[in-house]
Amino acid sequence: MTYLAKPKLLAADAPRNALGYTRRDYEGAISTLCAGCGHDSISASVVQACFDLDIEPHKVAKLSGIGCSSKTPDYFLGNSHGFNSVHGRMPSVLTGAALANRNLLYLGVSGDGDSASIGIGQFAHAMRRGVNMTYIVENNGVYGLTKGQFSATADKGSKSKKGVVNRDNPIDLATLALQLGATYVARSFSGDKEQLVPLIKGALRHGGPAFIDVISPCVTFNNHAGSTKSYDYVREHNAAVNRVDVILPKAQIEASYPPGSLRRVVQHDGSILHLRKVSVDYDPADRIGAMNYLQERQALGEIVTGLLYVDSSGQDMHANLNTVEKALNQLGDAYLCPGSKALEALNATLR
Amino acid sequence: MTTPAIQHCNDFVIKFANVNGSGSASANELFARAIIRMGVPVAPRNIFPSNIQGLPTWYEVRVSEAGWLGARGGCDMMVAMNPQTWDRDVAAIDPGGYLFYDSTKPLPPSKFRDDITVLGIPLTAMCNAEYEDARQRQLFKNIMYVGALMALLDMEFAAAEQLLVDRYRGKDQLIKANVNALRLGYDYAKQHLPCPIGLTVKRADAVGDRIMIDGNSACGLGAVFGGATVAGWYPITPSTSVIEAFSSYCRKFRTDPDNGRARYAIVQAEDELASIGMVIGAGWNGARAFTATSGPGISLMQEFFGLAYFAEIPAVIVDVQRGSPSTGMPTRTQQSDLLSCAYASHGDTRHVLLFPQDAYECFSLTAQAFDLAERLQTPVFVLSDLDIGMNEQLCAPFDWDDSRRYDRGKLMSYDELEAGKDFGRYLDVDGDGIPYRTIPGTHPTKGAYFTRGTTRNPYAKYSETGADYVYNMERLRRKFNTAKDLVPAPILKKAEQPTHVGVIYYGSTAPAMAEAGALLAADGIHVDTLRVRGFPFSDTVMQFIAERDAVFVVEQNESAQLRSLLINEGEIDPKKLVRVLHYDGSPITARFIAGKIADALSDRKVSPIGQPQRKVAS
């Protein structure tokens, strides 16, 4: 029950980040999702990522649509403003919020029904508009709150809990995001925090449209044999292309990697992504190559995970609109209102 | 000719029948503005198709020294420049009226009428002789007929000449070419036609300091002055030019002089759902945001209106109403979105509406809408329509009080939070139903909350309990009542003689209603009128109805939407409110209103309504 407050007791030696906050300061209300839900692992990963990055909680705005996944922003970052908006319409609300204040971090949380079914239009347009955001889809292939209908990401041939076989082709949001111009595209698995936390961190520091498709099994409606979004299935078919470490500008680089196995990407804000190759010679700077690779592997039944694409040279929406540096919601009357003299001059041209 | 020719000075209607896309619009506007420069009020109106090129279009100019700006109906002179619509255009001329046409190609006598004055000029032949280029031939033909009309109507040539100089200042070649075309038409008419005809324009002093502008431009300007920084929108006739104007005024007034960067953001969305979503996201985040749309857009935005109402997010929606749905009637005017805006969305919702009567109020009420939206933390609708939105009209000059500051409403600040002030996002602290809100990013550890629809307690915590829901709904009702006295007050105009009959009207009906009142009074029928400017209705509206035996509700829709709203909100006996409805797509006229009211009042003598029966002053 979310109106129950979490216990305030805190171990005296709980680790603190550079801002003096503990992990608890990044948590939210207690989750009301089913025990074992993949979404709760994603919430925990968001908490970890924000703690690690020393993000001021009130400098994050978290927005969601409707569904199990969209409830989760209540369960993390309790000191951040959140907005549980309209089913499938989080991208436009987030876009508007980002227009109003370019100086906050925007975290969009959505589900496969919310983004691939009802909201695919808004998903697509937010990507092509270059909104500076971290857009996470908690993808379980199923409608949880309405009890187990297929969503648009359900694989063809996968079986529902009631034994119905899905006949429709699936939508792959990561491929779409690539095609539509997202400049940071990743896929991960809620059961693999080692992989997920750095991917979220990289996205939060990206400075442009970042999309993460997180396969997140629904323990209640989509975790059975015949499902392609179950814990077992994803573990068996997960094919990671790389592992990411996010290095902040000030941090000492301590990790050492075997020669030839590392790729370095410097993002807008100076943060560095270290991409460790896993099994293939995968190039995350090649958008078209990434799309081809995803489709080839998908045809083989593999779930490709990792940082699929990153381009740190892209422009975001505010750059395209050439808006002032100061947040629009902070501009005072004097900056906005032309005043009576300007109006009188205008009147004179209308006679 | 058996019927005497119409003889009117400074009081007539001239109609231009053109082909869409032929460049006639700016020539026709030149004609209208030249009359204004002579100190005589005009009311121009476009009647245009849902098309870019080739279909018929009409431009009507009502010349009225008395200052009546509503559509009059009828036609004293037709400028018939479109062969496609010739027959109906000729038929539309009042008996004794005038027909002006291009006489290059001879027409059989059967194509004319014998009760009108026919004035032909070989415009095409003259243009072909004067210009080589086909486009020039077309464009200057328009200017040429304006010149000829000026001679026929005894207008001052210098008035139009000066307008051209003002319009094309710095482009001397263009001025010269246009003045030349104007002169060719003027001189030809002087030499070959009986100038002046019975219709004339004589210099007067009836325009004053008024300006001429369309309502959509005024809305766009009002949004700039009202402090809007974010616009999300989707193109739809007849609202598109609101955003075009906003964009152009922003470039002029909101470009940072130091670095050329924009103090505004305008995003053309993928649809109306996304436009309103952006507006609501921006409003939630503390920017003044708006969209402009029309009926179908209002339909698409319904779900978001409900969310914004319950989540209590400021938003401004300019709805330029039109006939709906589909294509065709949508380029004609109507006031048919009242109910779909007033009660927009699911759940128990009701919304604040403003009704501008002209371009001046399009400016002032749009600017005010942003203050109201933030004060009340709710969507505010500015209900304009195609008639005032897309037609240039004479209106009072815009004004602005420089001491005025934006009312950002109840925003809790960092300092207040830091000082430990109690923050309940949905708590009614002041008894007016309006809670305090915080903007994301205000304070590191205080004042953050999770925004939802209705399922929350006064402290914005998730709650499904009935008592919390009821508390919230009762507070929202209080808030709506608070809005009654914040929206612009209605404007009462008492009849010259005591009467028990009233008329309620709103928006673009205003000029026709003012004239109808004068027409009725001249016939000894006296009516008090009340122009409603906002919803929720202030108590004075209900008092106006209570104090009268019968009240006519004049509006431009088929289902009597304002009447329904009055009955529903004021618990009025429906028999007391008499419908006067105009909805064929043309702007309502004084003749129509006066006729309906006079007929209904004479019917009432046969079949009286209401108790006790008092004598109607008629």
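Here is a walk through two sheets, a helix and a pair of domains in this structure.

What you're looking at is a predicted model, in which local features need pLDDT of at least 70, side-chain atom pairs count only at pLDDT 80 or more, and totals for chains, interfaces and linings use all residues. Residues are numbered from 1 along each chain as its sequence is written, while chains are lettered from A and ligands numbered from 1 in the order in which they are written.

Let's begin with chain A. Strands here are DSSP runs of E with at least two residues, helices are runs of H or I with at least four, and both are numbered from the N terminus. Nine strands, listed as β9(A)-β13(A)-β7(A)-β8(A)-β4(A)-β3(A)-β1(A)-β2(A)-β17(B), make an open sheet with mixed pairing; two strands count as paired if DSSP finds at least two bridges between them. At the edges sit β9 (238–240) of chain A and β17 (450–451) of chain B, each pairing on one side only. Follow β9(A) inward and you'll meet β13 (residues 303–310) of chain A, running parallel to β9(A) and joined to it by 3 bridges. There, Ala240(A) stands opposite Thr305(A).

Now look for helix α6 (residues 173–180) of chain A. Helix α6 lies across β4 (133–139), β7 (184–189), β8 (209–215) and β13 of chain A, at about 170 degrees to β7(A). Angles like this run from 0 to 180 degrees between N-to-C directions, with axes fitted as lines to C-alpha atoms, for helices over the stretch in contact.

On to chain B, where the automatic or database assignment gives domain 1 (8–200), domain 2 (213–395), domain 3 (410–486) and domain 4 (491–606). Take the domain 1 and domain 2 pair of chain B: their C-alpha centres are 35 Å apart. Where they touch, 10 residues of domain 1 are in contact with 9 of domain 2, contact meaning that C-beta atoms, placed from the backbone, lie within 7 Å. On the domain 1 side, β3(B) gives the most, with 4 residues.

That same chain has its own open sheet of 6 strands, in the order β3-β4-β2-β5-β6-β7 with mixed pairing. Its edge strands are β3 (42–47) and β7 (117–121) of chain B, each pairing on one side only, and the twist averages 15 degrees from one strand to the next. Inside the sheet, β2 (residues 11–19) and β4 (residues 56–64) of chain B pair antiparallel over 9 bridges. To spot one partnership, find Asn18(B), whose bridge partner in β4(B) is Thr57(B).

How values were computed. Contact = placed C-beta atoms within 7 Å.
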